[in-house]
Amino acid sequence: MKRILVLLSCAAALLLGACGKDSTLPTATGKASIRAINAVKTSRDISFLIEERNIGSATYAAATATAQYDDLDYTFNIEVFYAGETTFRRIASQFIDFVADKDYTLLVSGSLANPTLTLWVGDERTFDEADTVFEARFAHPSASFGALDYYFADPAVAPALGNQAATLSFGEISAPADFEAGDYVLTITTANNPADVVYVSDTTAIAAQGTYIFLPFEGSASNTAPVIVRAINTAGNSISLPDPRFPPTIQFINASMELGASDIYDDELLTSQLVANHDYLDVSAELGIPAGDNTFYYTPTGDTTAVTLETILTAFNGDRYRLVASGAAGAFSGTLIAPDRRAVETHVKLLPFQVSNNFDFVDVYAVAADTSIDDANPVQFGLPPRLSASTVPLAAGSYDIYITESLEKVVLAGPYRVDVALGDIVDMIIVDTVDPAVLDVLFLSGGPTP
């Protein structure tokens, strides 16, 4: 009996890696940090996982939140959801053997069909309370750019060969450098040509004791600038640094039947006219406006005494805006929107917006062509007036779009036949008609073929 107990005890010890031998399980001695950056221009948000556990997600030109893990080895995975599929699709993986006190950044670039993973490794930075500096690194995340020079200096210092903070090709990152807190301008030029400016920032005040990676990305159709720059800090937060050479734009849409034809001005004295005779369902051209606070005044066409609508926009360089006028007499409203115009390779973007005075909430259906909505669920449920809905992702195909009163199957507008491919954007505004029981849709892009 005694012998049996001894054998059982030794067997249990062997299972624990004991019985006279040291454990072979790895032992953590510290932690390291990691984040992922999404540089795939045509991607929806990417999901970042450690093994099979989600860390976070990142849209284009942004980073996931920074996470810390023990200094062991892991496989990190990148996944994306494609419309029409039931599970996330794994597109790339990266094995990393963590070293304590290191800072890891995983850049995802290229395309979703053929992604490129680039791993940047640095030291985790700590600052003393009395430090007056911040740490900066400069990175090159886009294969569409050639080699670049990065100049980072006081606003009074012009770029000149020999003064570069870094010269980088795709996938490279500079060594960390300390700079005194203060005002800086980042200028990016083609390599060895300081006169060929690719990007320049406004004067930016940077405080001490921060750590940043500065990265240029390709601009998209949502931007007026061909290059956008983000500064990503240790937490993974993305800070935009607009290029003042590319001012914002605005597009005006009259979606109020009762507002009538209007002139639009950008000064209180009504002397600076932007748009003339802006009638119901008119869509203006995109107009350049200054960055900062802008006020727009609507008056009846030809009348410079009565302001019917006044709307304020704080605009930022490089961005596109839309102002949709809606509402009934005595309660006109101007809704400001930053339209989502960036095409993605994972789905069709359906962007519904409604401004009806006659229906508080509507449902939006997108069903397969020639299919009834009787047994279908809305793709957008209970859409209220003047509230930008979340993007509705659709698979490629042929759809009939219907609008109904919320919770009802009675059709108020439609069907509208749209034939769409991945990357298309169906941008639509649901509006009133002369019949208060009927709605219509103003398609700004991706609408039915005439």
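The conversation below goes through how some labels for this predicted model are justified.

Trainee: Let's begin with the whole chain. What makes up its secondary structure?

Mentor: The chain has one helix and 35 strands. Its C-alpha atoms fill a box of roughly 100 × 70 × 40 Å along the principal axes.

Trainee: How much of the chain is buried, and what does buried mean here?

Mentor: A residue is called buried if its relative accessible area is under 20%. Of the 450 residues in the chain, 46% are buried. The accessible surface comes to about 20800 Å², and carbon and sulfur atoms account for 53% of it.

Trainee: What share of the contacts joins residues at least 24 apart?

Mentor: The share is 63%, taken among contacts between residues at least 6 apart in sequence. A contact here needs heavy atoms within 4.5 Å.

Trainee: And how far apart are the mean positions of the charges?

Mentor: They are 13 Å apart, for 23 positive and 56 negative charges.

Trainee: Now to strand β18. What makes it a mostly covered strand?

Mentor: Seven of the seven residues in β18 (residues 227-233) are buried. In a regular strand the side chains alternate between the two faces of the sheet. In β18, Val-227, Val-229, Ala-231 and Asn-233 are buried on one side, and Ile-228, Arg-230 and Ile-232 are buried on the other. Both faces of β18 are therefore covered, with each of these residues under the 20% limit.

Trainee: How do you know that β18 is paired with β17?

Mentor: Two strands count as paired if there are at least two bridges between them. Strand β17 (residues 211-218) and β18 have seven bridges, so they meet that requirement, and the pairing is antiparallel. One of the bridges puts Leu-215 opposite Arg-230 in β18.

Trainee: Does the same rule settle what joins β18 to β19, or what else is known there?

Mentor: Three bridges join β18 to strand β19 (residues 238-240), so this antiparallel pair also satisfies the rule of at least two. Arg-230 has Ser-240 as its bridge partner in β19. In the hairpin of β18 and β19, four residues lie between the strands, and Gly-236 takes a positive phi near 95°.

Trainee: Let's move to the sheet with β21 in it. Why are β22 and β25 called edge strands?

Mentor: That open sheet has four strands in the order β22-β21-β24-β25, with antiparallel pairing. Both β22 (273-278) and β25 (309-315) pair on one side only, which makes them the edge strands. Neighbouring strands in this sheet are turned by 20° against each other on average, direction ignored. Inside the sheet, β21 (residues 262-265) and β24 (residues 292-300) pair over four bridges, and Ile-264 has Tyr-298 as its bridge partner in β24.

Trainee: What is the strand order in the open sheet that contains β29?

Mentor: The order is β30-β29-β32-β33, again with antiparallel pairing. β30 and β33 each have a single partner strand, so one side of each is left without a neighbour in the sheet. The twist averages 20° from one strand to the next. Seven bridges hold the pairing of β29 and β32, and Asp-363 stands opposite Thr-404 in β32.

Trainee: Why is Ile-403 in β32 called buried?

Mentor: Ile-403 has a relative accessibility of 0%, and the limit is under 20%, so it counts as buried. Its contacts include Val-364, Leu-412, Met-428 and Val-441. Ile-430 is another contact of Ile-403; the two are 27 residues apart in sequence and 8.3 Å apart in space, C-alpha to C-alpha.

Trainee: Why is Asp-370 called exposed, while Arg-386 is called partly exposed?

Mentor: Exposed means over 50%, and Asp-370 has a relative accessible area of 66%, so it qualifies. Arg-386 is at 30%, between the 20% and 50% limits, and therefore counts as partly exposed. Asp-370 lies in the loop between β29 and β30, and Arg-386 in the loop between β30 and β31.

Trainee: What are the phi values of Asp-370 and Arg-386?

Mentor: Phi is about 65° for Asp-370, positive although the residue is not a glycine. For Arg-386, also a residue other than glycine, phi is near 60°.

Trainee: Finally, which peptide bond is cis, and where does its proline lie?

Mentor: The bond from Gly-414 to Pro-415 is cis, with omega near 5°. Pro-415 lies in strand β33 (residues 411-420).

Methods: Residues numbered from 1 in each chain as written. Predicted model: local features only at pLDDT ≥ 70, side-chain atom pairs only at ≥ 80, totals over all residues. Heavy atoms only, no water. Buried < 20%, exposed > 50% of the residue type's maximum accessible area, 1.4 Å probe, protein only. Areas by Shrake-Rupley, 256 points an atom, 1.4 Å probe, with all protein chains shown as cover. Lys, Arg positive; Asp, Glu negative; His and termini not counted. Charge placed at Lys NZ, Arg CZ, Asp CG, Glu CD. Axes fitted to C-alpha atoms, helices over the stretch in contact; angles between N-to-C directions. Lists of a residue's contacts leave out its neighbours within four places in sequence.
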